[in-house]
Amino acid sequence: MSPQLSPAVPSTRACGGEPLADEEIARGLVAGDEACLDAAYRRWSALVHSLAWRSLGDAREAEDVSQQVFLGVWRGRAGYRPERGTLGGWIVGITRRRIADSLAARTRRLRLAAAAGSELSVVDPDRDRPEAVLDRVLVRGELARLPAPQQRVLRLTFYEDLTQTQIAERTGWPLGTVKSHARRGMQRLRVRLEPPGEG
């Protein structure tokens with residue numbers, strides 16, 4: 001579901017209180033007027049963010065793309081040609097290129113992670129021993145008996161190799177809550193899995 005975006009400010013006011021036209025913003029921007037960059041940001045940032053969010057499906061990546069777009073607008077302002085199209089159209093074009101770059105970078109990261117995972121995967125020599133199979137079954141069974149929040153934190157820790165900070169980001173829970181669930185879950189597993197007379 002798309003995050004709620006506040007509507008873009010319809011326009012920036014000129015000295016006399018009249019809204020600046022797109023052409024005036026474009027002229028000021030090309031001339032290096034930072035106030036016109038601010039005006040362009042306020043007028044088109046919601047559209048840029050919305051396009052990025054819909055394409056990427058990730059709010060943080062959409063924010064990064066939005067920042068990159070307006071940084072690109074400022075750095076590339078001398079390349080804007082009004083005869084080729086409107087300022088808004090030019091900004092949307094930059095947005096599409098940044099989205100494509102972000103998607104390509106995501107694909108590269110996934111390929112690298114998959115390659116690293118296959119290179120680093122180590123075969124457990126004990127994996128097929130009956131005792132190892134039994135241990136895995138016992139741990140899975142005990143994990144399933146934990147309260148849902150503790151179970152979720154430990155599954156994310158063990159099976160997805162996430163840090164507690166990453167788990168807090170993924171779940172939306174405060175970091176202290178994640179740490180508490182991890183600690184209590186580990187204590188319960190330890191008590192249930194320890195052989196009698198140990199500990």
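Which side chain has a polar atom 2.7 Å from the backbone oxygen of Leu 20? In this predicted model, the side chain belongs to Arg 43. Arg 43 is part of helix 2, which spans residues 34-56. The relative accessible area of Arg 43 is 13%. Buried means under 20%, so Arg 43 counts as buried.

The largest nonpolar core holds 27 residues. Within this core, Val 69, Val 73, Leu 87 and Ile 91 touch the most other members. At least two core residues come from each of helix 1 (22-30), helix 2, helix 3 (59-75) and helix 4 (87-120). Helix 2 is the greatest contributor, with 10 residues.

Contacts of Val 69 were examined with residues up to four places away in sequence left out. On this basis, Val 69 touches Val 48, Ile 91, Ile 94, Thr 95 and Arg 98.

A second core is separate from the first and has seven residues. Among them are Leu 156, Ile 167, Ala 168 and Ala 182.

Ile 167 and Ala 168 also appear among the buried residues of helix 7, which covers residues 164-171. Thr 171 completes that buried set. Viewed down the helix axis, the buried residues of helix 7 fall within an arc of 100°, so they line one face. An α-helix has 3.6 residues a turn, so residues three or four places apart point the same way. Gly 172 follows helix 7. The phi of Gly 172 is positive, near 85°.

Key: Residues are numbered from 1 along each chain as its sequence is written. This is a predicted model: local features need pLDDT of at least 70, side-chain atom pairs count only at pLDDT 80 or more; totals for chains, interfaces and linings use all residues. Side-chain values use heavy atoms; hydrogens and water are left out. Buried means under 20% relative accessible area, exposed over 50%, partly exposed in between (1.4 Å probe, protein chains only). Helices (H or I, at least four residues) and strands (E, at least two) are DSSP runs, numbered from the N terminus. The arc is that of the directions from the helix axis to the C-beta atoms. A polar contact is a pair of N or O atoms within 3.5 Å; within protein, one must be able to donate a hydrogen and the other to accept it, and residues adjacent in sequence count only if both atoms are side-chain atoms. A nonpolar core is a set of buried Ala, Val, Leu, Ile, Met, Phe, Trp, Tyr and Cys residues joined through side-chain atoms within 4.5 Å. Contact means heavy atoms within 4.5 Å.
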